[in-house]
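Trainee: Please take one single part of this structure and give me a close look at it. Start with the setting, then zoom in.

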There are 2 protein chains.
Amino acid sequence: MIELTKADLELLTGTHYAHFVTLHRDGSPHVSPTWVDAAEGHVLINTAQGRVKDRNVRNDPRVAVSIMKWDDAYTWLSITGTVVDIQTGERAERHIDELAHRYDGEGFTYKPGQVREIVKIRPDRIIRSD
Amino acid sequence: MIELTKADLELLTGTHYAHFVTLHRDGSPHVSPTWVDAAEGHVLINTAQGRVKDRNVRNDPRVAVSIMKWDDAYTWLSITGTVVDIQTGERAERHIDELAHRYDGEGFTYKPGQVREIVKIRPDRIIRSD
């Protein structure tokens, strides 16, 4: 496990978007933009059960996250990591609401039947902009 | 091969940054932000020989590209594709210079000994924002 620096945490807990990479069952990569967060040295992605990324990480925990400062393309972070936990329930619902407030300035619009989950990623390798 | 729409091309040939995913030899994903371009129905990434992404695509041609409009997070594109060609030489040098002008408004600063290359990606699957 690699330690996240103060600068890493600023990028991961601001309003910058992450691009989250997971692996399909055949090993090919999938990537999509998403909100991101960090806590206790881990990167957190909040997704919904049944989505491609959810199915992928349950099959193969190897993931990557790329994040770039939205107002400065020369400040970015690339993390290769491992999913070590997936948490559903009240905490995941509260977390997506916090992210919605942070990124959009308003509460999360729940979709009926959607089960939110926090994907907890252990950083194994980090590449930072110079 | 999936056809790129006019809206896709606008995203791929503007000044929006892409996040380019390649696979390490052990199958784990690598992702980093990069300039991007498109031509003749393919996505083009300009990189340098010897870099992680260069070594990765030469080993496994399966890649992915995520791109988000820098001024509108709700317009994005996620492409899973295959590297079908890698081109070096004068055309690759000219291409990185064009990209530098487009993104930074000035010519590319060449690094001594660096060999540029155009990685040509065939889109196999595209997911678009709603």
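Mentor: One definition first: the radius of gyration is taken over C-alpha atoms, and the globule rule is 2.2 Å times the number of residues to the power 0.38. Keep in mind that this is a predicted model. Now apply the rule. For 130 residues, a compact globule would have a radius near 14 Å, and chain A has 14 Å, so the two agree. The C-alpha atoms of chain A fill a box of roughly 45 × 40 × 25 Å along the principal axes. In chain A, 40% of the 130 residues count as buried.

Next, the fold. Chain A has three helices and seven strands. Along the sequence, they run α-β-β-β-β-α-β-β-α-β. Many contacts span long stretches of sequence: of those between residues at least 6 apart, 69% join residues at least 24 apart.

Now bring in the partner. A turn of 180 degrees, with a shift of 0.0 Å along the axis, lays chain A on chain B with an RMSD of 0.0 Å. That is how a two-fold axis relates two copies. Both copies use the same surface: 100% of the contact residues of chain A recur in chain B. At this contact, 22 residues of chain A meet 22 residues of chain B. Strands β1 (18–23), β2 (29–34), β5 (62–69) and β6 (72–87) of chain A each supply at least two residues to that side. By class, the side holds 13 nonpolar, eight polar and one charged residues.

Time to zoom in. Our part is helix α3 of chain B, residues 90–104. This helix has 15 residues and reaches 21 Å from its first C-alpha to its last. That is close to the 21 Å expected at 1.5 Å a residue.

Which residues of α3(B) are buried? They are B:Ala92, B:His95 and B:Ile96. Seen down the axis of α3(B), the buried residues fall within an arc of 95 degrees, so they line one face of the helix. A general rule helps here. An α-helix has 3.6 residues a turn, so residues three or four places apart point the same way.

What covers the buried residues of α3(B)? The cover includes β4 (42–48), β6 (72–87) and β7 (116–128) of chain B. Turn to the other side of α3(B), and you find B:Glu90 and B:His101 exposed.

Finally, look just past the helix. B:Gly105 follows α3(B), and its phi is positive, near 75 degrees.

How values were computed:
Residues numbered from 1 in each chain as written. Chains lettered and ligands numbered in written order. Predicted model: local features only at pLDDT ≥ 70, side-chain atom pairs only at ≥ 80, totals over all residues. Contact = placed C-beta atoms within 7 Å. Helix = DSSP H or I, 4+ residues; strand = E, 2+ residues; numbered from the N terminus. Nonpolar A, V, L, I, M, F, W, Y, C, P; charged D, E, K, R; others polar. Buried ≥ 20, exposed ≤ 12 C-beta atoms within 10 Å, placed from the backbone. Least-squares fit on C-alpha atoms with pLDDT ≥ 70 in both. Expected span 1.5 Å × (residues − 1). Arc of directions from axis to C-beta.
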